Amino acid sequence: MLIETELTPNPATIKFIPGRVVMGMGTRDFITPEEAEASPLASALFGLGDVTGVFFGGDFLSVTIAPGAQWSDVKPDVLSILLEHFSANMPLFAPGSADAIVVPAEEEFSDDPADAEIVAQIRELIDTRVRPAVANDGGDIVYRGFDRGTVFLRMQGACSGCPSSTATLKNGIEQLLKHYVPEVTEVRAV
(Lines give C-alpha, C1' and ligand atoms only; values in the text may rest on other atoms or scores of the structure.)
Protein backbone atom coordinates (compact mmCIF):
# COMPACT_ATOMS: atom_id res chain seq x y z
CA MET A 1 0.00 0.00 0.00
CA LEU A 2 1.25 3.46 -0.93
CA ILE A 3 0.29 6.55 1.06
CA GLU A 4 0.98 9.77 -0.79
CA THR A 5 1.85 12.96 1.06
CA GLU A 6 1.39 16.58 0.08
CA LEU A 7 2.67 19.71 1.71
CA THR A 8 0.02 22.23 2.71
CA PRO A 9 0.24 26.02 3.04
CA ASN A 10 0.53 25.38 6.79
CA PRO A 11 4.12 24.23 7.42
CA ALA A 12 3.02 22.37 10.58
CA THR A 13 0.53 20.24 8.62
CA ILE A 14 0.97 17.51 6.02
CA LYS A 15 -1.84 15.98 3.96
CA PHE A 16 -1.77 12.16 3.76
CA ILE A 17 -3.64 10.43 0.91
CA PRO A 18 -4.10 6.67 1.47
CA GLY A 19 -5.71 6.01 -1.93
CA ARG A 20 -9.05 5.06 -0.40
CA VAL A 21 -12.01 6.66 1.30
CA VAL A 22 -11.24 8.05 4.74
CA MET A 23 -14.61 9.61 5.64
CA GLY A 24 -17.52 8.54 3.46
CA MET A 25 -19.36 11.78 4.15
CA GLY A 26 -18.47 14.89 6.07
CA THR A 27 -15.26 15.68 7.91
CA ARG A 28 -13.95 15.33 11.46
CA ASP A 29 -11.43 17.54 13.21
CA PHE A 30 -9.59 16.42 16.36
CA ILE A 31 -7.70 19.14 18.22
CA THR A 32 -7.12 17.40 21.55
CA PRO A 33 -6.13 13.87 22.62
CA GLU A 34 -9.45 13.65 24.50
CA GLU A 35 -11.44 14.30 21.31
CA ALA A 36 -9.25 11.76 19.50
CA GLU A 37 -10.39 8.97 21.84
CA ALA A 38 -13.40 8.54 19.51
CA SER A 39 -11.05 7.23 16.81
CA PRO A 40 -8.38 4.56 17.25
CA LEU A 41 -6.46 6.11 14.35
CA ALA A 42 -6.58 9.68 15.66
CA SER A 43 -5.74 8.44 19.16
CA ALA A 44 -2.69 6.53 17.88
CA LEU A 45 -1.47 9.62 16.03
CA PHE A 46 -1.88 11.84 19.10
CA GLY A 47 -0.02 9.13 21.03
CA LEU A 48 3.14 10.05 19.13
CA GLY A 49 3.43 13.09 21.38
CA ASP A 50 4.28 15.69 18.73
CA VAL A 51 0.87 15.57 17.03
CA THR A 52 -1.47 18.44 17.93
CA GLY A 53 -4.21 17.97 15.34
CA VAL A 54 -5.76 15.31 13.11
CA PHE A 55 -8.34 16.05 10.42
CA PHE A 56 -10.27 13.42 8.44
CA GLY A 57 -11.47 14.48 4.98
CA GLY A 58 -13.22 12.51 2.24
CA ASP A 59 -10.15 10.80 0.80
CA PHE A 60 -7.34 12.25 2.91
CA LEU A 61 -6.28 13.09 6.41
CA SER A 62 -4.15 15.98 7.63
CA VAL A 63 -1.83 15.78 10.59
CA THR A 64 -0.50 18.84 12.43
CA ILE A 65 2.58 18.79 14.64
CA ALA A 66 3.58 21.01 17.55
CA PRO A 67 5.79 24.07 17.19
CA GLY A 68 9.41 22.97 17.43
CA ALA A 69 8.71 19.44 16.17
CA GLN A 70 10.28 18.43 12.87
CA TRP A 71 8.43 16.54 10.16
CA SER A 72 11.62 14.63 9.36
CA ASP A 73 11.37 13.05 12.82
CA VAL A 74 7.58 12.55 12.97
CA LYS A 75 6.62 11.62 9.39
CA PRO A 76 8.00 8.02 9.42
CA ASP A 77 6.00 7.24 12.58
CA VAL A 78 2.82 8.80 11.14
CA LEU A 79 3.21 6.80 7.94
CA SER A 80 3.77 3.60 9.93
CA ILE A 81 0.55 4.13 11.91
CA LEU A 82 -1.41 4.95 8.75
CA LEU A 83 -0.06 1.93 6.85
CA GLU A 84 -0.93 -0.40 9.71
CA HIS A 85 -4.41 1.08 10.09
CA PHE A 86 -5.41 1.09 6.42
CA SER A 87 -3.71 -2.23 5.53
CA ALA A 88 -5.65 -3.97 8.30
CA ASN A 89 -8.93 -2.24 7.29
CA MET A 90 -9.38 -1.10 10.87
CA PRO A 91 -12.43 1.03 11.74
CA LEU A 92 -12.01 4.79 11.73
CA PHE A 93 -14.12 5.23 14.85
CA ALA A 94 -14.43 3.21 18.03
CA PRO A 95 -17.68 1.25 18.29
CA GLY A 96 -20.07 2.46 20.91
CA SER A 97 -23.51 3.72 21.63
CA ALA A 98 -24.83 7.22 21.17
CA ASP A 99 -24.33 7.68 24.92
CA ALA A 100 -20.57 7.79 24.40
CA ILE A 101 -20.63 10.49 21.74
CA VAL A 102 -19.46 13.85 22.97
CA VAL A 103 -19.66 16.76 20.58
CA PRO A 104 -17.68 19.80 21.69
CA ALA A 105 -19.83 22.87 22.24
CA GLU A 106 -19.47 25.55 19.62
CA GLU A 107 -20.41 29.18 19.70
CA GLU A 108 -24.00 29.44 18.56
CA PHE A 109 -24.99 31.66 15.67
CA SER A 110 -28.57 31.89 14.61
CA ASP A 111 -29.33 33.31 11.20
CA ASP A 112 -32.17 35.81 10.90
CA PRO A 113 -34.98 34.16 8.89
CA ALA A 114 -35.19 37.38 6.86
CA ASP A 115 -31.66 36.60 5.59
CA ALA A 116 -32.57 33.09 4.35
CA GLU A 117 -31.94 33.89 0.68
CA ILE A 118 -28.59 35.57 1.44
CA VAL A 119 -27.53 32.65 3.67
CA ALA A 120 -28.46 30.16 0.93
CA GLN A 121 -26.25 32.04 -1.56
CA ILE A 122 -23.36 32.17 0.91
CA ARG A 123 -23.64 28.46 1.73
CA GLU A 124 -23.76 27.50 -1.95
CA LEU A 125 -20.64 29.55 -2.74
CA ILE A 126 -18.79 28.05 0.21
CA ASP A 127 -19.81 24.50 -0.71
CA THR A 128 -19.12 24.79 -4.45
CA ARG A 129 -16.18 27.20 -4.67
CA VAL A 130 -14.40 27.42 -1.32
CA ARG A 131 -14.54 23.99 0.31
CA PRO A 132 -13.18 22.03 -2.70
CA ALA A 133 -10.20 24.40 -2.98
CA VAL A 134 -9.52 24.26 0.76
CA ALA A 135 -9.78 20.44 0.75
CA ASN A 136 -6.96 20.40 -1.83
CA ASP A 137 -4.82 22.04 0.85
CA GLY A 138 -5.79 19.49 3.52
CA GLY A 139 -8.48 21.40 5.37
CA ASP A 140 -12.07 22.50 5.47
CA ILE A 141 -14.08 25.63 6.13
CA VAL A 142 -17.46 25.36 7.80
CA TYR A 143 -20.20 28.00 7.66
CA ARG A 144 -21.15 29.10 11.19
CA GLY A 145 -23.43 32.10 10.64
CA PHE A 146 -24.33 35.44 9.08
CA ASP A 147 -25.12 38.57 11.07
CA ARG A 148 -25.52 42.13 9.75
CA GLY A 149 -23.16 41.66 6.82
CA THR A 150 -20.58 39.50 8.60
CA VAL A 151 -20.05 35.86 7.64
CA PHE A 152 -18.61 33.63 10.37
CA LEU A 153 -16.56 30.60 9.29
CA ARG A 154 -14.66 27.92 11.20
CA MET A 155 -11.33 26.75 9.81
CA GLN A 156 -10.41 23.06 10.19
CA GLY A 157 -7.49 20.77 9.44
CA ALA A 158 -4.54 22.41 7.70
CA CYS A 159 -6.44 25.72 7.63
CA SER A 160 -6.62 25.95 11.40
CA GLY A 161 -3.56 27.84 12.59
CA CYS A 162 -2.14 28.25 9.10
CA PRO A 163 -0.04 31.41 8.72
CA SER A 164 -1.78 32.21 5.42
CA SER A 165 -5.33 31.58 6.68
CA THR A 166 -5.98 35.28 7.34
CA ALA A 167 -4.94 36.11 3.79
CA THR A 168 -7.12 33.28 2.48
CA LEU A 169 -10.10 34.64 4.43
CA LYS A 170 -9.64 38.30 3.55
CA ASN A 171 -8.19 38.16 0.03
CA GLY A 172 -9.91 35.04 -1.19
CA ILE A 173 -13.12 34.09 0.52
CA GLU A 174 -14.21 37.58 1.59
CA GLN A 175 -13.64 39.01 -1.89
CA LEU A 176 -15.49 36.10 -3.52
CA LEU A 177 -18.49 36.44 -1.21
CA LYS A 178 -18.59 40.25 -1.52
CA HIS A 179 -18.54 39.93 -5.32
CA TYR A 180 -21.44 37.51 -5.55
CA VAL A 181 -23.40 38.55 -2.43
CA PRO A 182 -23.34 42.36 -2.05
CA GLU A 183 -24.85 42.10 1.44
CA VAL A 184 -21.59 40.57 2.71
CA THR A 185 -19.29 43.20 4.22
CA GLU A 186 -16.83 41.04 6.17
CA VAL A 187 -15.71 37.46 6.82
CA ARG A 188 -14.43 36.37 10.24
CA ALA A 189 -12.96 33.14 11.55
CA VAL A 190 -14.45 31.75 14.77
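The expected span of a helix is 1.5 Å times one less than its number of residues. I'll use that for helix α3 in this model, which is a predicted one.

Helix α3 covers residues 71–87, which is 17 residues, so the expected span is 24 Å. The C-alpha atoms at its two ends are 23 Å apart, and that agrees.

Next, burial. The buried residues in α3 are Trp71, Val74, Val78, Ile81, Leu82, His85 and Phe86. Looking down the axis of α3, the buried residues lie within an arc of 115°, so they line one face of the helix. On the face turned away from that buried side, α3 carries the exposed residues Ser72, Asp73 and Glu84.

What covers the buried residues of α3? The cover includes strand β2, residues 13–17, helix α2, residues 40–46, and strand β5. After α3 comes Asn89, with a positive phi, near 50°.

Now to β5, which runs over residues 61–65 and contains Ser62. Is Ser62 buried or exposed? Its relative accessibility is 1%, and buried means under 20%, so Ser62 counts as buried.

The side chain of Ser62 has a polar atom 2.5 Å from the backbone oxygen of Gly138. Gly138 is also on the contact list of Ser62, once neighbours within four places in sequence are left aside. The other entries on that list are Thr13, Ile14, Lys15, Gly53, Val54, Phe55 and Ala158.

To recap: α3 has its buried residues along one face, β5 is part of what covers them, and Ser62 is a buried residue in that strand.

Technical notes. Residues numbered from 1 in each chain as written. Predicted model: local features only at pLDDT ≥ 70, side-chain atom pairs only at ≥ 80, totals over all residues. Heavy atoms only, no water. Helix = DSSP H or I, 4+ residues; strand = E, 2+ residues; numbered from the N terminus. Buried < 20%, exposed > 50% of the residue type's maximum accessible area, 1.4 Å probe, protein only. Polar contact = N/O pair within 3.5 Å; in protein donor to acceptor, adjacent residues only side chain to side chain. Contact = heavy atoms within 4.5 Å. Arc of directions from axis to C-beta.
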